[in-house]
Amino acid sequence: MERLPHRLTALLICYLLAAPHVMAQRTSASLSGRTIDSESREPLSKATLQLYRINQNDTTFVGGTYSNERGAFSFSSVGQGSYVLKASYLGYKTLERAVNITAAGGRLLGDIVMTVDAVVLQEAVVKFIAAARTRAARM
């Protein structure tokens, strides 16, 4: 019977050491979504996604990823709080979306619809002026 208090003490110590890790798991979430073209509704693979945490005084970079060939992306182990998701893709307008994480688990952002950033360039004229050759220079 004297061993029982020692076992309870050891169990209590293990519980106290593990409790912060268990609580941390409960407060983290995953974010996932898909990047698509606004007109064709086709997935955009290799879109760049950046996640920033909004603090009282500044914004902190949390992580970045690329979308896969189906346009899907995900961030794991995201803590509770306010975030900004920034999506960019060559030839498309950069998009920013506010995201709030209030509970643990998965958060599906759905489709991130990106629009083409059409830039009209002005006409470029290239002129070439050849140097005049004299007959004496050829000889």
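## A salt bridge between neighbours in sequence

The side chains of Glu-69 and Arg-70 come together in a salt bridge, with 3.4 Å from N to O. Both partners are on the outside, since Glu-69 is exposed and Arg-70 is exposed as well. The structure described here is a predicted model, and every value in this report should be read with that in mind.

## A second salt bridge

The count of salt bridges comes to 2, and another such pair is made by the side chains of Arg-34 and Asp-111, at 3.0 Å from N to O. This pair links distant parts of the chain, with Arg-34 in strand S1 and Asp-111 in strand S7, 77 residues apart. Arg-34 has a relative accessibility of 30% and counts as partly exposed, and Asp-111, with a relative accessible area of 30%, is partly exposed too.

## The sheet of four strands

Turning from side chains to the backbone, one finds an open sheet of 4 strands, arranged in the order S3-S2-S5-S6 and paired in antiparallel fashion. Strand S3, residues 59-66, and strand S6, residues 95-101, stand at the edges with a single partner strand each, and therefore one side of each is left without a neighbour in the sheet. From one strand to the next, the twist averages 25 degrees.

The pairings within this sheet can be followed strand by strand. S2 and S3 run antiparallel and are joined by 7 bridges; they form a hairpin, with 4 residues between the two strands. Within this pairing, Thr-48 has Tyr-66 in S3 as its bridge partner. Strand S2, which covers residues 48-54, is also joined by 6 bridges to strand S5, residues 81-88, and these two strands again run antiparallel. Here the bridge partner of Gln-50 in S5 is Lys-86, while that of Arg-53 in S5 is Tyr-83.

## The sheet of three strands

There is also an open sheet formed by 3 strands in the order S4-S1-S7, and its pairing is mixed. The edges are taken by S4 and S7, each of which has a single partner strand, so that one side of each is left without a neighbour in the sheet. Neighbouring strands of this sheet are turned against each other by 20 degrees on average, when direction is ignored. S1 and S4 run antiparallel and are joined by 6 bridges, and among the residues that pair in this way is Gly-33, whose bridge partner in S4 is Phe-73.

## The nonpolar core

The largest nonpolar core has 17 residues, and of these Leu-31, Phe-75 and Leu-85 touch the most other members. Two or more residues are given to this core by each of strand S1 (28-37), S2, strand S4 (72-79), S5, S6 and strand S7 (105-114).

Which residues surround Phe-75, once its neighbours within four places in sequence are left aside? Phe-75 is then in contact with Ala-29, Ser-30, Leu-31, Leu-49, Gln-50, Leu-51, Gly-63, Gly-64, Thr-65 and Leu-85. This list includes Leu-31 and Leu-85, the two residues named together with Phe-75 for touching the most other core members.

## Aromatic pairs

The structure holds 3 aromatic pairs. In one of them, the rings of Tyr-52 and Phe-61 have centres 5.5 Å apart and planes at 65 degrees, and the pair is therefore edge-to-face. Tyr-52 is partly exposed, with a relative accessible area of 22%, and Phe-61 also counts as partly exposed, at 47% relative accessibility.

In another pair, the rings of Phe-73 and Phe-75 have their centres 6.3 Å apart and their planes at 70 degrees, so this pair is edge-to-face as well. Phe-73 and Phe-75 are both buried.

## Two residues with positive phi

Lastly, there are two residues whose backbone angle phi deserves a look. Arg-41 has a phi near 65 degrees, which is a positive value in a residue other than glycine. Arg-41 is found in the loop between S1 and S2, where it is partly exposed, with a relative accessible area of 46%.

Ser-77 likewise is not a glycine and has a positive phi, of about 55 degrees. Ser-77, however, is found in a strand, namely S4, and it counts as exposed, because its relative accessibility is 62%.

How values were computed: Residues are numbered from 1 along each chain as its sequence is written. This is a predicted model: local features need pLDDT of at least 70, side-chain atom pairs count only at pLDDT 80 or more; totals for chains, interfaces and linings use all residues. Side-chain values use heavy atoms; hydrogens and water are left out. Two strands pair if DSSP finds at least two bridges between them. Axes are lines fitted to C-alpha atoms, for helices over the stretch in contact, and angles run from 0 to 180 degrees between N-to-C directions. A nonpolar core is a set of buried Ala, Val, Leu, Ile, Met, Phe, Trp, Tyr and Cys residues joined through side-chain atoms within 4.5 Å. Buried means under 20% relative accessible area, exposed over 50%, partly exposed in between (1.4 Å probe, protein chains only). Contact means heavy atoms within 4.5 Å. Rings of Phe, Tyr and Trp (its six-membered ring) pair if their centres lie within 6.5 Å; planes under 30 degrees apart count as stacked, over 60 as edge-to-face and the rest as tilted. A salt bridge is a side-chain nitrogen of Lys or Arg within 4 Å of a carboxyl oxygen of Asp or Glu.
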